[in-house]
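Subject: Structure handover and notes

Dear colleague,

I am passing on the structure we spoke about, and my notes on it follow below. Please keep the viewer open beside this email while you read.

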Amino acid sequence: MGISGKIQRKKYKYQKVKLEKGQAQEEVDKLLEKSEANSQPKILIERSVFSQKHFDESYEAVSHPSPTLKEVVHKKLSKCVCSGSCLKKFLFGMFPFINIMKDYSVKEDLPSDIVSGLTVGIMHIPQGMAYGMLTTLPPVYGLYMSFFPVLVYFFFGSSKHISMGTFAVACLMIGSAVSKGMDTVSIPHSTAGLVTVAGNQTGNQTNLTASAADDTSTMSREEVDLRLQFAMSVTFLVGVIQLLMGVLRLGFITVYLSDPLISGFTTGAACHVFTSQIKHVFGVQTARYSGVFKLVYTYRDFFSNIDTANYVTILLSIVCITILYCTSRFINQNPKLKPRMFMPVPIELIVVVLGTVISYAIKLEENHGVVVVSDIPTGLPEPNLKALRRIPDVISDAIALAIVIFAISISMGKLLAKKHDYEVDANQELVAYGLSTVVSSFFSSAAPSASLSRSLVQERVGGRTQVAGLVSCCLLLVVLLAIGPYFRTLPNCVMASTVIVALDGLFAQVFTVPDLWYNRRPDFCVLASIIIVALRGMFLQVLDLKKLWHVSLIDFFVWIVAFLATVLLDVDLGLGAAVIFNIVTVVVRSQRPYGCVLGQMPGTDLYRDMHIYQEAKEIPGIRIFRFEHSLFFVNTEHFKTLLFKKTANPRKLKIAQRKRMTEKEKLKDKKQDESIIIDRQDSTNEAAQVQLQSKSGEVKVMVVADSKPKCPQEVDFHTIILDCSPWSFVDSMGVKVLAAVICEYKSVGINVILANCKGGIRDMFEKTKFYDTVDHSNIYVSVHDAVLHALHIESPDFTDQVEDFQNGLCKEKRKASKVDFTLAEDSDEENA
């Protein structure tokens, strides 16, 4: 349905509508009949052409001046009002558990939380002990990680389902920081009896003690204290960083860690986790390395000492891996059995208990040289200040670890929150992680993180709130106070098998590698068979990475770089390299955005990319250009290059015009009849041709009117319209380049018009005095308004010839009912 109107603006008081009843109803009925016949509604609107200045004056645009510093401070301070409601809001925000417990149903929620808490608590025991080894500390410190952080997170966390505690990647990064720290101090004399190997000749920092130095059963008390100092220092600093990020509302920082980056980094870190456990599986001693090519040197030592492998350890590892994998794969993850199971089979705990019993019964340590966990102290650790002793040595590790823990934990929290329809506050989560980590650092507990596997299990078995975490803490407390010493004979290879099989789930969480490797099936010998089984999830996901190749080539390379950098470099160096590469891709995409020429869709006022829509037609004499990004200092040169390429280079046009004028000057000197065409444009902007004829000293002047728009002879357009709708902002450099470009085109007779400029961009034009170069009237509210203006200015009879051009350049002329909008000039008209 269409309405055409005429607007007369005098005073902005009141609008009075006059309708021609009979004609209006008749025209409306015709339009409706036509729309129904075509089975598609049509829109027909007639209005004046609006420049931005005209539009702002007509609709009284309100300007918002930038506030002064005094006004900003006053506004912030005015919000700091001490009242009961304000205090209540602060407490509810700081302690989310208050809101959660208000709606807690003991009858409905508590049974589910108890079952979920016991299930996760059972998982905490083997995972805590196994992942504790990744920190290069005795296994009991992994149990501490499963107790203290969970207890503190209950009060400050906003997620109801994530399981805080040990996580393979976080524990590995802590262990890497501890290893690098130990390289800078001398090893206590009590470890001098350990086996030594040759140092690395490449400048890579290496501790000359063998893997026995990482064997917690042979560590002296002095070495454990040194390692604990580095672990707690990095933990304390991680908590401080996260707490500051939460207070300063810096949760957005993780946007620089894209999903492909996290996926590639996690996969690479999992390779480090696997490598750290493979020596326990085979009972082979290797040197401890840190830095570039850490994995390369570790495997070099591993295969060099493979002849020292303990065959009892290998056999026990194979049996444990087989039991763990088969139970997890074919029972716990079986889609047919899952709905019928009350809870997943706690196979990790079963294997740990059986391994401990068997080891004690046949005395694996004494008779076969199998390395065991050794003594586990009972009770809770005493508070200490070891967290403050090595802080200057672990700053870089703490920054990387804080960001990784937050990125992984908040991703898991938001995923589960979305599934259960509640919100997770990223900044409050940072505060919760920070407080949990800082408190834990004083109780010999390393930096905690949300566990992907435990969180999914906690949610799947029916956990409702973090009360499930309190239940798991109770179970862990029983282990720490009473049951811990009974795990003394647990073989290290059993825990290593638990970690390796758990990596199958870790790798299954991430993206994967190219179609290039789709048909490659490595055929390893018997020694590599364990690796194939343990990393089955990763190999299958590698086959699926062809999807990422087809979706986004940039994301594909981000994954590859993150993975290779993490594997070839150390974990923290790999993360840094991946983040830098990810930022570079963002800069490159910002520096070289897409630009195109728009054409009009026939019969409409829509303008689309002519490269995509073949039906889009270019309007004669007009070139419409769109730059698909904001204009700022990074991409100004690319903007100019694309604009000149898609339209015309004004510098080349100027050279061509000078050359043409020189040729005209030469023609004037000839003594034969000649005809010279001189372009002239009078004050009314009407184009004309002046023809000079000279013969026998007589000069005749004949003016021939030209209805066509005036274009420079070198190009077929007279106006360039810049569609600024994709521009969210323009900086001072962008304004400067834009003004220079407009002046260059103006010098060769081409007019430049802007359309769809947002309010912030127009404010920037005001501040930079851009309107000294371009008049307000050369900025229009839409591309169509700019097109109509350009055609009308260059061809004054345009309005008389094609009145319906204003209604979308339709081929057939449409008429609609006339509605007269008259602005009341005074109160008498208003009363009338």
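In these notes, contact means that heavy atoms lie within 4.5 Å. With that in mind, threonine 356 is a useful place to begin: leaving aside its neighbours within four places in sequence, threonine 356 is in contact with Tyr486, Phe487, Thr489 and Leu490. Threonine 356 belongs to helix α14, which covers residues 347–362, and with a relative accessible area of 7% threonine 356 counts as buried, because buried means under 20% relative accessible area. Please remember throughout that this is a predicted model.

Now the chain as a whole. It has 832 residues, of which 49% count as buried, and there are 32 helices and 17 strands in it. If we take the contacts in the chain with a separation of 6 or more, residues 24 or more positions apart account for 80% of them.

Next come the nonpolar cores. The largest nonpolar core holds 107 residues, and the members that touch the most other members are Met129, Ile162, Met173, Ile174, Val234, Val238 and Leu401. Helix α16 (residues 395–419) gives the most to this core, namely 13 residues. A second, separate core has 34 residues, and Val715, Ile720, Val730 and Tyr745 are among them. To see what surrounds one member of the largest core, you could select isoleucine 174, which, apart from its neighbours within four places in sequence, is in contact with Thr135, Ala231, Val234, Leu401, Ala446 and Ala447.

One helix that I would ask you to look at with care is α11, residues 259–282. At 1.5 Å a residue, its 24 residues should span 34 Å, and its end C-alpha atoms are 35 Å apart, which agrees. There is nevertheless a kink of about 25° in α11, centred on serine 276. Of the 24 residues of α11, 22 are buried, so this helix is largely enclosed by the rest of the structure. After α11 comes glycine 283, whose phi is positive, near 70°.

The open sheet deserves a slower reading. It is formed by 6 strands in the order β9-β8-β10-β14-β15-β16, and the pairing is mixed. The edges are taken by β9 (607–609) and β16, each with a single partner strand, so one side of each is left without a neighbour in the sheet. Starting from the β9 edge, β8 and β9 pair in the antiparallel sense over 3 bridges, and the bridge partner of glycine 599 is arginine 608 in β9. Strand β8 (residues 595–600) is also joined to β10 by 4 bridges, and these two strands run antiparallel, with leucine 598 standing opposite isoleucine 624 in β10. On the way to β14 (residues 717–723) the sense is parallel, since β10 and β14 pair in that way over 6 bridges, and here isoleucine 624 stands opposite isoleucine 721 in β14. How many of the 7 residues of strand β10 (residues 621–627) are buried? The count is 7 of the 7, so β10 is largely enclosed by the rest of the structure. Across β14 and β15 (751–755) lies helix α28 (residues 732–747), which runs at about 140° to β15.

Two loop residues are worth setting side by side, as each has a positive phi in a residue other than glycine. For threonine 136, phi is near 65°, and threonine 136 sits in the loop between α6 (109–134) and α7 (140–145). For lysine 769, phi is near 60°, and lysine 769 sits in the loop between α29 (759–767) and β16 (779–780). Are these residues buried or exposed? Threonine 136 is buried, with a relative accessible area of 7%, whereas lysine 769 is exposed, with a relative accessible area of 60%.

Finally, please look at valine 247, which lies in helix α10 (residues 221–247) and, at 57% relative accessibility, counts as exposed. Valine 247 and leucine 430 are 183 residues apart along the chain, and their C-alpha atoms are separated by 8.3 Å.

With best wishes

Key:
Residues are numbered from 1 along each chain as its sequence is written. This is a predicted model: local features need pLDDT of at least 70, side-chain atom pairs count only at pLDDT 80 or more; totals for chains, interfaces and linings use all residues. Side-chain values use heavy atoms; hydrogens and water are left out. A nonpolar core is a set of buried Ala, Val, Leu, Ile, Met, Phe, Trp, Tyr and Cys residues joined through side-chain atoms within 4.5 Å. Buried means under 20% relative accessible area, exposed over 50%, partly exposed in between (1.4 Å probe, protein chains only). The expected span of a helix is 1.5 Å times one less than its number of residues. The bend at a residue is the angle between axes fitted to the seven residues ending there and the seven starting there. Two strands pair if DSSP finds at least two bridges between them. Axes are lines fitted to C-alpha atoms, for helices over the stretch in contact, and angles run from 0 to 180 degrees between N-to-C directions.
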